[in-house]
Amino acid sequence: MATPTARSQPQQDATRAKSPARARRRSSRTNSAAGYLFVAPFTVVFVTMLVVPLLYAAYLSVFQTRLFGGTSFVGLNNYARALTDPQLGDGVRRVATFFVVQVPPMLLAAMVFALVLDGTTSRLAQVARLGIFLPYAVPSVVATLMWGYLYGPDFGPFAQLANYLSLPAPDFLDRDRMLVSLANIVFWEFTGYNMIIFYAALRSIPVELYEAAAVDGAGPVRVAWSIKLPALRPALLLALIFSVIGAFQLFNEPNLLASAAPSVISSSYTPNLYAYGLAFTGQQTNYAAAVSFLLGAVIFAASCLVLVVNRRRAS
Amino acid sequence: MTPNLRRGPARTAAAVLVLSVAAATAACSSGGDSDPSAAAGETDPGEAADVAVLSDDDITAAMETPTELTFWTWVTDIENEVALFEEKYPAIDVEVVNAGQGADEYTKLRTALTAGSGAPDVAQIEYQFIPSFTGADNLLDLRPYGAAELQDQFVDWTWSQVTGADGGVYAYPQDTGPMGMLYREDILSEAGIEPPTTWEEFATAAATLNESNPDVYLTNIASNDAGAWNGLMWQAGSKPFTEVDSDGTVGISLDDDASRKVADYWGGLVADGVVATDPDFTDQWYQGLSNGTYATWLTAAWGPLFLSTAAEGTSGKWRAAPLPQWEGEPVAGNWGGSTSAVMATTKNPIAAAKLAEFINTDPESTQMLANEQFLFPANLGVLEDPDFLAQELDFYGGQQVNQVFSDISATVDTDFTWSPFQDQVFSDWNDTVGTALVEADDVAAATEEWQSRVVDFAETQGFTPAQ
């Protein structure tokens, strides 16, 4: 994003220097009109698809519609109820655990892949890069169905292998292992995506730095440690924030695995599943809106935490 | 009684009348009768309120006016029955839409009804969800369109299921699911077990069978299927709900004696490890039916044909029988089956009501539903048809399975009420009783947790739960 702005700056200066003052004013007015025109499509979609629904949800969240008794204004009651709702609390704790279990290995793996691929230039590296990225192109619903089959206690390949060796079949979907099984699916889906973010960051390191390092006699490990890793920092921050949002909004994977393990994945397994159930099973749209806003607040807080920790480390 | 406040004038009149009946009953029984609301709910549909029936001229005029209707249903190829309707009424054009099965459809339906546009004129709704739609005044009372006269055409208990406490008729029954037992004749006879006729025999048989072969279970009690469990509660005589009273009182007793009896019974079998608890309609479950892991399937009247395609390789090995009994006279519960209901939002109430009526009462249409879509009929014209009853199915060794389930249908307890928030009740069942079944926890204690969750929900929804 930085490059086009930097490039347009001198051009603008040049135009300005040539044109008389009045023309300059007019052209800047047309410029701004054109600017509005350019952002209009985005703004329209952004407002109608995001801002308006958000405001509507906020509006809904301060009312209560009962099956018996109609609709009434309840102020912040829905929020108060959500704050003490044990099912919501369990769900938030569960996705927080999921974040801790899932995100560090995924980002570490993505970083290692990116460093290795950045350091090699063979044809094989290109194939590997595509191969690692490919799972991200598989829709998460399809990925979960696929893993659901692999985890299957009867005809999954692991179960069949265990049967063949006369060992007890591993149950990947029981209460203790479910979170790890889910983490594995998400790991498979998103490692390649994060790798691409890191890889792009590495490619943007100026060649001069490498040349200088070579002159100073730095080997590949030293280059990775002193040049590449510091350069990855902003990309890592970005990936972390995406991961916070992804983890706390976990929905598709548990929703689909619930049919295979209904007793493990309850209707409130993750906060998003809970909100969905509230709105569409319990018809408590208002309360679901409040729960969603609280979840949004939790995600916002977690993202801020990541930023603050990062800034403190940096200074 | 409809708990929602938005009512049309006709409905208000009916409600006022029922209200006064309720008040009168309450006054009479103030001496200590514990449950006046239930008494009010029993008001005979025929006399609860006199609803003017439209004249034949009005109906004929409407049926000759070019009209477009939308019909949401998940019954495969029901277009053929609809074509019969369109043939009879050429002015009416019906668009059939499959909006998903069960919960999927209801979610879309509620969204459309809440949004105020996009809802169909006629929709397929299962019995247990009728009160949740009448509760929001979503369904049209079909009496002005001649529904009351058609009562005799339907199985008794189905008519009480589509009749509201205000006497309104809110749907036409289409198919039913009286519960019976399908069993593997070969597996049982090999183990020297007679098909159990009582739950006591069933428990003994479960232990014997599993002892002779630890890989075989007498049955699978699905840990994700509140509907099947509900059918077993229904058979045991549980009365989990009463009709909602005019002041919002609703009786909730999901942990009544009969419910706990069922829970204790299955909890015991699960704890002994002699029955399976796999989720049903999953790959593993289909496999279990095909490879003889489960020796019986406690299922509904729609089960026999379903099984014959789901476990094709086991043809000739299955037989049908009534459910094992607790004691006394044979009793059955119901699991599944659905109705055609007309949305209150329809702009063409006459044509829509006639479509729902035609599909489920026209002799040719009902025969097609039974013999082509294999829906177990709610219409007595088909259910008592000797040709239908005498069909011999090879999959069941030539047994007349329709006859078995037709006999069972007559033993279904007619007095069973659903809550106006049945999706929530079933969802809570999964999280409590269903989980206890898999974990082999105290299942009876789980019914208490189920009860308390549903009571909490009812309270947040403005009802007054009574136990």
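I call a residue buried under 20% relative accessible area, exposed over 50% and partly exposed in between, with a 1.4 Å probe and protein chains only. I am working on a predicted model, where local features need pLDDT of at least 70, side-chain atom pairs count only at pLDDT 80 or more, and totals for chains, interfaces and linings use all residues. Residues are numbered from 1 along each chain as its sequence is written, chains are lettered from A and ligands numbered from 1 in the order in which they are written, and side-chain values use heavy atoms, without hydrogens and water.

**Entry 1: P195(B)**

I looked up P195(B) and found a partly exposed residue, with a relative accessible area of 28%. P195(B) sits in the loop between α9 (185-190) and α10 (199-212) of chain B. Helices here are DSSP runs of H or I with at least four residues, strands are runs of E with at least two, and both are numbered from the N terminus. I then listed contacts, meaning heavy atoms within 4.5 Å. Leaving out residues up to four places away in sequence, P195(B) touches Y183(B), L188(B) and E201(B). I checked Y183(B) further: its C-alpha atom is 7.7 Å from that of P195(B), and the two are 12 residues apart along the chain.

**Entry 2: strand β5 of chain B**

Y183(B) led me to β5(B), where it points one way with M179(B) and M181(B). G180(B), L182(B) and R184(B) point the other way. In a regular strand the side chains alternate between the two faces of the sheet. Is β5(B), residues 179-184, buried or exposed? Six of its six residues are buried, so the strand is largely enclosed by the rest of the structure.

Next I checked pairing, which requires at least two DSSP bridges between two strands. β5(B) runs antiparallel to β7(B) (residues 296-300), with five bridges. There L182(B) has W297(B) as its bridge partner. β5(B) also runs antiparallel to β8(B) (residues 318-322), again with five bridges. On that side Y183(B) is the bridge partner of R319(B).

**Entry 3: the five-stranded sheet**

I traced an open sheet with mixed pairing, in the order β2-β1-β3-β9-β4 of chain B. β2 (92-97) and β4 (172-173) of chain B are at the edges with a single partner strand each, so one side of each has no neighbour in the sheet. Inside the order, β3(B) (residues 122-126) and β9(B) (residues 338-342) run antiparallel and share five bridges. Q124(B) stands opposite S340(B) of β9(B).

I also checked which helices pack on the sheet. α5(B) touches β1 (67-72) and β2 of chain B, and its direction makes about 170 degrees with that of β2(B). α6(B) (residues 103-115) touches β1 and β3 of chain B, at about 130 degrees to β3(B). These angles run from 0 to 180 degrees between N-to-C directions, with axes fitted to C-alpha atoms, for helices over the stretch in contact.

**Entry 4: helix α16 of chain B**

In α16(B) (residues 363-371), I noted S365(B), T366(B), M368(B), L369(B) and A370(B) as buried. The buried residues of α16(B) pack against α5 (79-88), α15 (349-361), α17 (380-383) and α18 (386-389) of chain B.

**Entry 5: salt bridges**

I counted a salt bridge when a side-chain nitrogen of Lys or Arg comes within 4 Å of a carboxyl oxygen of Asp or Glu. The whole structure has 14 over all chains.

In chain A, I looked at R203(A) and D118(A), whose salt bridge is 2.9 Å from N to O. R203(A) is in α8(A) (residues 178-203) and D118(A) in α4(A) (residues 86-119), 85 residues apart. R203(A) is exposed at 52% relative accessible area, whereas D118(A) is buried at 11%.

D118(A) also forms a salt bridge with K228(A), with the closest N and O atoms 3.0 Å apart. K228(A) lies in α10(A) (residues 220-248) and D118(A) in α4(A), so the pair ties together parts 110 residues apart in sequence. Both D118(A) and K228(A) are buried.

In chain B, R453(B) and E449(B) meet at 3.2 Å, N to O. Both lie in α21(B) (residues 443-460), four residues apart, about one turn of the helix. E449(B) is partly exposed, at 36% relative accessible area. Through shared partners, salt bridges join D428(B), D431(B), E449(B) and R453(B) into one network.
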